[in-house]
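Colleague: Got a minute to walk me through this model? I'd like to start with the strands, then talk about charges and the chain contact.

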Amino acid sequence: MQVGLRWSATPGLVWTQFDDSDDWVVFNPFSGDIHLLSASAYALWQLTTSSPPRSSGALIEALAADTGYTADGDFLSSARDTLNFMDRAGLIAPVQ
Amino acid sequence: MTDASVLSRLATTGVQVTIGPFVVHVRSELPLVHRYLETLYAGFPIRGGDGGHFDIQVVGSHGVRRFIRPQANLVVNGERPFLPLPADLAGALFEWTLNYCVGRDAHRFVAMHAAVVERNGRALIVSGESGAGKSTLCAALVLDGWRLLSDEFALVDPDAGTLSPLPRPVSLKNVSIDIIRQRGRDVVYGPEGIDIEHARFVHMKPPASSVQRASEPASPGIVIFPRWRSGAETRFTRVRKAQVLLRLADQSFNYNYLGVRGFNAIADLARRVEGYELEYSDLDDVLPRLAGLCDAGARPA
């Protein structure tokens, strides 16, 4: 993932959740794929829906603040992996 | 209902076989196909006529191939999607071709690879890869009195959320053949053969009562992901609904073709059912437990 890019949520995704877990399931109608995301990953995706778009660093900082996690090495690495995954899956897109 | 005069049209103008929500137009001059339909489709609505949702023609080979290793060619909706296969598979070819047609073109439904049976108004969906024991479990449940909706397809109506029956002969392979033959001695079976993957196969005629109720949908109740393991004790493990959704979508032929409508149909189904992984080895132990599971959910709160 290129440093400095800002990220925006892909519009038109279909999200659903069930009463027996905190996980979220998303359908991407553009790829036809379904993905399972943790509650934290969904919270990170939600941050990409706000305007103006934020950089990876700003998104991860905001997630740490919202969830109360310490932004240590594991947290940073996991959040970056999640952003990379959401980029590959077409759930977010870079904006200029 | 089927009679000899109707099936005699098989070699000329063909016949229309109504199988659940589909009308299948079949033509073949091969006696094996005639015998197959006469044996395993007795009791299905069959009439002379042209047209239908799917057009399947099983054609014999010509020239020297008529005498040396004869072959059967399949013409499906005017196209030949498969290479010729040995003519002694001709009856079974009809079933396999119908699987191809439904998996490819039944977009009125969300079609998933699964067996479906019903008891007391609740459908049990048995989903699994080949070799997981899906068809064995399905056949044993049917012999135990459950209604057969299908041993190959769960057809979900995306508007109603119900499962549409597609009762057809149940496909059995290898050791399942002997297990089910022992349990269903009075059942009619088609000819046993060896398929192109060198597996023994046979088709079991569906119960007349299931065929008669082919237009009666069922409500989804339970989804089972079975795994047969030699010597295993029967064990049910609850599967979370998100995983039910992902695993059913993975077995769907067309949810992504139907887009958001297809996704929502499977998500709604996952919301309504109880999902379990089932490990088992003993049918006599697992059948009453499945009946109990189904009846418990069917009772009013």
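Modeller: Sure, a definition to begin with: helices (H or I, at least four residues) and strands (E, at least two) are DSSP runs, numbered from the N terminus, and two strands pair if DSSP finds at least two bridges between them. This is a predicted model, where local features need pLDDT of at least 70, side-chain atom pairs count only at pLDDT 80 or more, and totals for chains, interfaces and linings use all residues. Residues are numbered from 1 along each chain as its sequence is written, chains are lettered from A and ligands numbered from 1 in the order in which they are written, and side-chain values use heavy atoms, with hydrogens and water left out.

Colleague: OK, what do strand 13 and strand 14 of chain B form together?

Modeller: They make a hairpin with five residues between the strands, and His198(B) in the turn has a positive phi of about 65 degrees. Two bridges join strand 13 (residues 193-194) of chain B to strand 14 of chain B, and the two run antiparallel. In that pairing, Gly193(B) sits opposite Phe201(B).

Colleague: And how many bridges join strand 12 of chain B to strand 14 of chain B?

Modeller: Four, again antiparallel, with strand 12 covering residues 170-173. Val170(B) is opposite Met204(B) there.

Colleague: How many residues of strand 14 of chain B are buried?

Modeller: Four of the five in strand 14 (residues 200-204) of chain B, so the strand is largely enclosed by the rest of the structure. Buried means under 20% relative accessible area, exposed over 50%, and partly exposed in between (1.4 Å probe, protein chains only).

Colleague: Switching to charges: how many salt bridges over all chains?

Modeller: The search of the whole structure gives 21. To count, a side-chain nitrogen of Lys or Arg must be within 4 Å of a carboxyl oxygen of Asp or Glu.

Colleague: Which residue does Arg227(B) form a salt bridge with?

Modeller: Glu279(B), with the closest N and O atoms 2.6 Å apart. Arg227(B) lies in strand 15 (residues 219-228) of chain B and Glu279(B) in strand 17 (residues 274-280) of chain B, so the pair ties together parts 52 residues apart in sequence.

Colleague: Is Glu279(B) buried or exposed?

Modeller: Glu279(B) is buried, at 10% relative accessibility, while Arg227(B) is partly exposed at 46%. Glu279(B) also meets Arg235(B) in a salt bridge (3.7 Å, N to O). That pair links distant parts of the chain, since Arg235(B) is in strand 16 (residues 235-239) of chain B, 44 residues apart from Glu279(B). Arg235(B) itself is exposed at 52%.

Colleague: Which residues do salt bridges that share partners join into one network?

Modeller: Glu118(B), Arg147(B), Arg213(B) and Glu216(B). Within that set, the closest N and O atoms of Glu216(B) and Arg213(B) are 2.7 Å apart. Glu216(B) is partly exposed at 34%, and Arg213(B) is partly exposed at 32%.

Colleague: Last topic: how many salt bridges between chain B and chain A?

Modeller: Zero. There are four residue pairs in polar contact (both at pLDDT 80 or more), meaning a pair of N or O atoms within 3.5 Å; within protein, one must be able to donate a hydrogen and the other to accept it, and residues adjacent in sequence count only if both atoms are side-chain atoms.

Colleague: Which helices of chain B supply at least two residues each of the side that touches chain A?

Modeller: Helix 7 (241-250) and helix 8 (260-272) of chain B. The contact takes 17 residues from chain B and 14 from chain A, with contact meaning heavy atoms within 4.5 Å.
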